[in-house]
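Visitor: Could you take me through a sheet and its core, and explain the terms as we go?

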2 protein chains.
Amino acid sequence: MNKHTATSADVAALAGVSQSTVSRSFDPNSRISVATRQRVFEAAEQLGYQINKAAQTMIKKRSDLVGLVTAGLEDPFRSEFLHKLIIEVQNCGLRPMVMDVSDRETIDEELHGLIQYQLSGVIITSGTPSENIGKAFIRHGIPVVLVNRTEHSDEADIVNLDNEGAGEMAAKAFIESGKTNLVVVRSKKPSFSSVMRVKGFLNYLAPFLSGDKVNATEVLCDAGNYDSGYQIADKILTSQHKPDGIFFCMDHIACGFLDSAKRLVSPNEMSAIGVIGCDDIALASFRAYDLTTIRQSSSEIARASVETLLNRLQSPTSAPSKQAIPVELVYRSTLAKPQRTNIE
Amino acid sequence: MNKHTATSADVAALAGVSQSTVSRSFDPNSRISVATRQRVFEAAEQLGYQINKAAQTMIKKRSDLVGLVTAGLEDPFRSEFLHKLIIEVQNCGLRPMVMDVSDRETIDEELHGLIQYQLSGVIITSGTPSENIGKAFIRHGIPVVLVNRTEHSDEADIVNLDNEGAGEMAAKAFIESGKTNLVVVRSKKPSFSSVMRVKGFLNYLAPFLSGDKVNATEVLCDAGNYDSGYQIADKILTSQHKPDGIFFCMDHIACGFLDSAKRLVSPNEMSAIGVIGCDDIALASFRAYDLTTIRQSSSEIARASVETLLNRLQSPTSAPSKQAIPVELVYRSTLAKPQRTNIE
DNA sequence: TGTTGTTGTTCATACGTATGCACAACTCTT
DNA sequence: AAGAGTTGTGCATACGTATGAACAACAACA
């Protein structure tokens with residue numbers, strides 16, 4: 001009806017109260033008589049009043065936006081994680097502002113722009129911000145949560161997957177299944193996750209390796225995707241001594257490998273080779289792959305990340321927290337669950 | 001250093017100019033002497049000045065946020081599309097504010113909340129907003145772009161895939177390959193896309209059907225995902241007269257079907273059955289499926305959507321636009337490209 | 001020299017909300 | 001009945017930016 005948007009002053013006029021009374025009516029903690037509040041709500045309804053977030057932000061010095069910094073969304077695992085984060089953020093009455101920092105050299109300058117929005121917080125799931133940028137956010141009173149980052153910032157809260165544990169778990173599963181000739185595959189470009197996964201894998205194996213009963217090789221593939229897995233199969237399956245257990249740091253690579261393997265070796269031979277992936281992406285459970293893998297509950301990480309942020313908002317001065325989300329081995333057909341032995 | 005964030009007034013004081021001069025220095029279209037601007041920039045740099053978006057929004061009555069309304073991000077196609085949208089929005093110097101309206105009955109109330117942010121625009125890719133909500137945005141001066149929605153709003157700009165064309169294309173491909181016993185599968189719950197795809201499919205076939213040489217059946221599956229495709233295979237492949245051509249309205253369903261089919265019929269028999277999917281998701285090109293499908297370029301749609309929004313911002317009063325993005329048939333192994341015949 | 005135009009800057013104000021303070025009208029307590 | 005506490009409301013102001021209007025300095029032109 002009216003050409004311009006209704007303001008709290010318009011509502012006040014219609015309800016016959018002051019503007020401050022309108023403002024307080026929308027604050028549950030304010031002392032407002034039931035009758036007045038009722039009248040204000042009716043007037044607001046009638047005018048289609050919507051609060052002006054910009055004005056609110058200016059006063060409160062804090063918007064209800066949360067910056068979600070991500071990269072590489074073409075990876076479905078990341079993409080799924082972003083989805084979960086969005087949901088979690090929404091459920092807290094906050095709004096997700098997404099920022100994709102793919103193919104940027106330094107994400108610092110990009111991140112700097114976020115300070116302008118007086119965000120309630122920033123959750124960084126990709127890219128490696130410099131020490132400085134972290135401090136810049138803190139100085140501006142914007143809490144930062146680092147997810148699965150290598151940063152050892154002493155001011156930001158940190159939520160990590162138990163990547164090292166995932167590697168150990170894979171190694172243990174192979175040993176329990178009696179596999180002795182092991183390979184671990186990760187993308188050439190080192191990421192925090194994959195490096196830690198390999199580390200855990202090799203650490204667990206260390207005692208066995210020295211006994212010479214088991215050996216393990218690290219193989220690098222081009223990238224963290226299906227195609228790289230497809231390619232690397234040639235190298236792995238045509239070597240003189242084929243492995244009988246392969247741990248892939250990402251499910252995608254494993255799936256590419258599996259498809260490629262069908263070309264190269266017989267189903268029978270393939271069934272003797274144990275394969276474990278990591279992440280438990282949707283694809284892994286498809287019948288075409290049915291991949292044994294290490295599940296990282298993206299819901300769990302998302303929940304923990306947002307919860308951490310909320311905690312920080314409530315107690316801004318408490319010491320930075322740091323937690324590792326546990327992982328879980330999901331047996332499927334590429335490595336069968338061994339019969340219970342006394343190896344534990 | 002300073003405990004509070006620097007404002008334009010602080011910069012002005014340091015540079016020895018007025019606040020308005022600082023403001024104008026950051027506006028390329030303002031007349032400011034080179035020397036002054038230089039001095040202002042230096043002062044800003046020194047103080048780590050960041051413009052306050054909330055204050056700016058209040059004055060300009062428009063933020064640089066764009067609302068991206070989506071749902072069902074567990075579907076990788078949607079998720080990929082969101083990714084593309086985010087990139088496009090960022091490239092225009094705008095910020096994407098994502099809103100997931102999954103599992104909400106009416107998205108209207110959710111959308112209403114967006115009005116508070118004085119968005120530069122809203123791109124709606126999921127859910128079906130009521131006529132009213134569209135009008136509400138328009139009234140508040142917020143342009144709306146509907147992507148692949150059934151809405152016939154006469155105030156919003158519309159970007160559609162050529163869904164009907166996709167259906168026709170699939171039908172034509174089957175006919176050209178000499179397939180006569182056709183099935184088209186879509187999710188039980190009617191979505192705009194799938195309904196139009198089926199419509200196009202059947203429309204193209206109409207003349208052949210009347211000649212009795214070809215027949216076509218519509219089959220509904222539970223949902224638009226892998227598992228539903230897996231399930232529906234039983235129904236389709238165990239019927240008395242098996243089809244020799246199946247068009248799935250979504251690649252996911254097709255992939256589920258293909259995996260399931262391996263259980264039910266021999267590879268030889270399967271090779272006689274043509275399968276066409278729709279969307280060309282990443283999965284479709286995996287060797288495990290190698291699915292012939294109809295490609296919807298998500299980049300193309302994303303680009304067109306954002307471009308449409310920008311056009312609207314430049315000329316707010318011009319008539320609403322409407323465009324259909326063309327699709328493309330990608331031959332892979334589930335339906336081979338027929339030898340050139342004179343059917344055209 | 002007076003008129004007109006151009007350039008660069010400042011002043012003052014508006015945007016819409018939240019909130020400390022003051023205060024009036026009650027309710028309780030003694 | 002008088003002082004003390006409680007409840008509900010209004011006044012006034014601050015937040016940080018953009019921008020129209022005014023103006024000063026200077027150049028161009030007659």
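Guide: What follows is a short talk about a sheet, its helices and a core. The model is predicted, with local features needing pLDDT of at least 70, side-chain atom pairs counting only at pLDDT 80 or more, and totals for chains, interfaces and linings using all residues. Residues are numbered from 1 along each chain as its sequence is written, chains are lettered from A and ligands numbered from 1 in the order in which they are written, and side-chain values use heavy atoms, without hydrogens and water.

Visitor: What makes strand E7 (215–221) and strand E12 (328–330) of chain B edge strands?

Guide: The open sheet of chain B has six strands in the order E7-E6-E8-E9-E10-E12, with mixed pairing. Strands are DSSP runs (E, at least two residues), and two of them pair if DSSP finds at least two bridges between them. E7 and E12 of chain B each pair on one side only, and are therefore edge strands.

Visitor: How do you know that strands E8 and E9 of chain B pair?

Guide: Three bridges join E8 (residues 245–248) and E9 (residues 274–279) of chain B in the parallel sense, and the definition asks for at least two, so they count as paired. Ile246(B) has Val275(B) as its bridge partner in E9(B).

Visitor: Why is Phe257(B) said to be in contact with Ile246(B) and Val275(B)?

Guide: Contact means heavy atoms within 4.5 Å, and the contacts of Phe257(B) beyond four places in sequence include Ile246(B), Val275(B) and Met270(B).

Technical notes: Helices (H or I, at least four residues) and strands (E, at least two) are DSSP runs, numbered from the N terminus.
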